[in-house]
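Got the viewer open? Let's take a walk through this one, stop by stop, with something to select each time.

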Amino acid sequence: MSRSERKWDHIRFALKNGQERSSTFDDIKFIHHSLPNISVLDVRLDHSIGELYLSSPIFINAMTGGGGEKTYRINKELAMVAKETGIAMAVGSQMAALKDKTQKYTYDVVRKENPSGFLIANLGSEASPDQAKAAIELIEANAIQIHLNVIQELTMPEGDRDFTGALRRIESIVNEVKVPVIVKEVGFGMSMETVKSLGSVGVTLVDVGGFGGTNFAEIENRRREKSLSFFTNWGIPTPISIIEASSVSKDISIIGSGGFSNAIDMVKGLAIGADAIGVAGKFLQILVDKGIDSLKAEIESLHEEMTMIMTALGARTISDLKRLPIVISGETYHWLNQRGIDTKSYSQRSF
Ligand code: FNR
């Protein structure tokens with residue numbers, strides 16, 4: 001099967017499987033206060049994450065490109081939505097264009113559509129620094145994501161089987177490219193150990209890509225004759241992964257992603273440690289099923305709802321959310337305490 005056919009398979013199966021929502025978010029609860037002393041007009045959604053400044057904490061996460069006309073159209077439409085709503089956007093892995101120059105147009109359309117937007121390049125951890133530079137140049141990217149997707153590759157019939165040297169390659173990319181480097185998972189989450197290793201080679205931006213949304217083990221299993229079903233439930237749920245990752249170091253900024261589909265989960269994700277929220281599958285589904293205007297309306301409504309929730313909480317900024325007391329229960333409570341993270345530091349923080 002060609003790379004281009006595989007890209008389309010991923011979109012087709014991601015749409016067919018639909019979007020789960022990580023029920024683990026129900027383990028995170030805000031505490032209601034009746035005197036927030038704030039107006040909706042006081043709430044600001046813009047926020048800095050490490051050296052990046054984003055006008056909205058929500059962004060369109062990496063999905064596609066490299067699969068000919070259909071992926072060109074999706075990237076073009078996502079870029080139009082990103083421009084009109086003022087949010088950042090990542091493209092899917094650009095290796096396809098680095099290996100086959102005829103695919104370049106499926107990616108550089110995002111810069112053509114959104115000349116002054118915040119755009120993020122994407123490659124896997126097999127990439128060299130020169131490839132990373134080429135991917136950045138192709139879309140004049142403001143940042144680059146390097147994705148880690150071991151479980152997806154193992155489940156993919158034609159996937160990689162050798163994962164040695166990834167950390168060293170990431171280190172060279174961090175040292176050699178001129179834009180910020182975000183290392184991301186693709187729906188299996190990152191542990192505190194992974195984040196520590198990444199921090200040790202100079203990574204300061206991590207997207208946890210947690211379990212609970214698009215499930216690439218399930219997608220790849222649909223493309224296999226004999227299913228590796230043990231990978232279907234593999235991974236660290238998104239909220240747990242955000243908390244593990246943000247416990248590592250104040251010098252590492254965390255992006256939350258994996259199963260975000262509504263405003264309350266997004267505000268929870270920010271309150272437990274994320275500085276931005278990436279959404280992939282849910283936005284793709286709306287775009288393909290209902291079109292550009294519906295996706296635009298969805299993003300605008302997410303912004304409005306986040307503002308309402310922050311007003312109820314008395315939080316003027318994304319940074320304020322990180323000082324609100326939060327009660328963590330259920331599986332998330334047990335997981336975190338067994339991993340040595342004291343959940344009282346969340347329930348007893350004060351604002
Ligand atoms: C993805 N994702 C992805 N990630 C990446 O780093 N490079 C890529 O090329 C792709 N390709 C891709 C295709 C499709 C169709 C989907 C739906 C997703 C993964 C994506 O960025 C994200 O990490 C996961 O999908 C989890 O987030 P959601 O979908 O649960 O919001």
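**First stop: a residue in a helix**

Start by selecting Ile 286, which is buried, with a relative accessible area of 10%. That value puts Ile 286 in the buried class, because buried means under 20% relative accessible area. Keep in mind as you click around that you're looking at a predicted model. Turn on the cartoon and you'll find Ile 286 in helix α12. Now add Lys 296 to the selection: Ile 286 and Lys 296 are 10 residues apart in sequence, and their C-alpha atoms sit 9.6 Å from each other in space.

**Second stop: the ligand**

Helix α12 leads us to the ligand. Both α12 (281-290) and α1 (3-17) supply at least two residues each to the shell around the ligand. Which helix gives the largest share of that shell? Select α1: with 3 residues, α1 has that largest share.

Next, show the whole shell. There are 23 residues around the ligand, and the ones that come nearest are Ala 62, Lys 184, Thr 214, Gly 259 and Gly 281. Color the shell by class and you should count 9 nonpolar, 12 polar and 2 charged residues.

Zoom in on some individual contacts:

- Ala 62: a polar backbone atom here is 2.7 Å from an oxygen atom of the ligand.
- Met 63: here a polar backbone atom is 2.9 Å from a nitrogen atom of the ligand.
- Lys 184: this time a polar side-chain atom is involved, 2.8 Å from an oxygen atom of the ligand.

How much of the ligand does the protein bury? Taken alone, the ligand exposes 600 Å², and the protein buries 96% of that.

**Third stop: strand β8**

Lys 184 is also our way into a strand. Select β8 (residues 181-184) and look at both of its faces. Val 181 and Val 183 are on one side, Ile 182 and Lys 184 are on the other, and all of them are buried.

Now bring in a neighbor, strand β9 (residues 205-207), which pairs with β8 in the parallel sense over 3 bridges. To see one spot in this pairing, pick Ile 182 and look across to Leu 205 in β9. Then trace the chain: β8, helix α8 (residues 192-200) and β9 make a right-handed β-α-β unit.

**Fourth stop: strand β7**

β8 has another partner to visit. It runs parallel to β7, and 4 bridges join the two. Select Ile 144 and you'll see Val 181 of β8 opposite; select Ile 146 and the bridge partner in β8 is Val 183.

Is β7 (residues 143-147) mostly covered or mostly open? Mostly covered: 5 of its 5 residues are buried. Ala 143, Gln 145 and His 147 are on one side, with Ile 144 and Ile 146 on the other.

Move on to strand β6 (residues 119-124), which runs parallel to β7 and is joined to it by 5 bridges. Here you can select Gly 124, opposite His 147 in β7. β6, helix α5 (residues 129-139) and β7 also make a right-handed β-α-β unit.

**Fifth stop: two loop residues**

Between α5 and β7 there's a loop, and Glu 140 is in it. Check its backbone: phi of Glu 140 is near 45°, a positive value in a residue other than glycine. Glu 140 is exposed, with a relative accessible area of 54%.

Most residues other than glycine have a negative phi. For another exception, jump to Asn 37, with a positive phi near 50°. Asn 37 is in the loop between β1 (28-30) and β2 (47-49). Is Asn 37 buried or exposed? It's exposed, with a relative accessible area of 67%.

**Last stop: strand β11**

Finish by selecting β11 (residues 276-279). Ala 276 and Gly 278 point one way, Ile 277 and Val 279 point the other way, and all are buried.

Strand β4 (residues 58-60) pairs with β11 in the parallel sense over 3 bridges, and strand β10 (residues 253-257) also runs parallel to β11, joined by 3 bridges. Click on Gly 278 to see both pairings: Phe 59 stands opposite Gly 278, and Gly 278 is the bridge partner of Ser 257 as well. To close, follow the chain from β10 through helix α11 (residues 263-271) to β11, a right-handed β-α-β crossover.

Definitions and conventions
Residues numbered from 1 in each chain as written. Predicted model: local features only at pLDDT ≥ 70, side-chain atom pairs only at ≥ 80, totals over all residues. Heavy atoms only, no water. Near = heavy atom within 4 Å. Polar contact = N/O pair within 3.5 Å; in protein donor to acceptor, adjacent residues only side chain to side chain. Areas by Shrake-Rupley, 256 points an atom, 1.4 Å probe, with all protein chains shown as cover. Nonpolar A, V, L, I, M, F, W, Y, C, P; charged D, E, K, R; others polar. Buried < 20%, exposed > 50% of the residue type's maximum accessible area, 1.4 Å probe, protein only. Pairing = 2+ DSSP bridges. Right-handed = clockwise from strand over helix to strand, strands pointing away.
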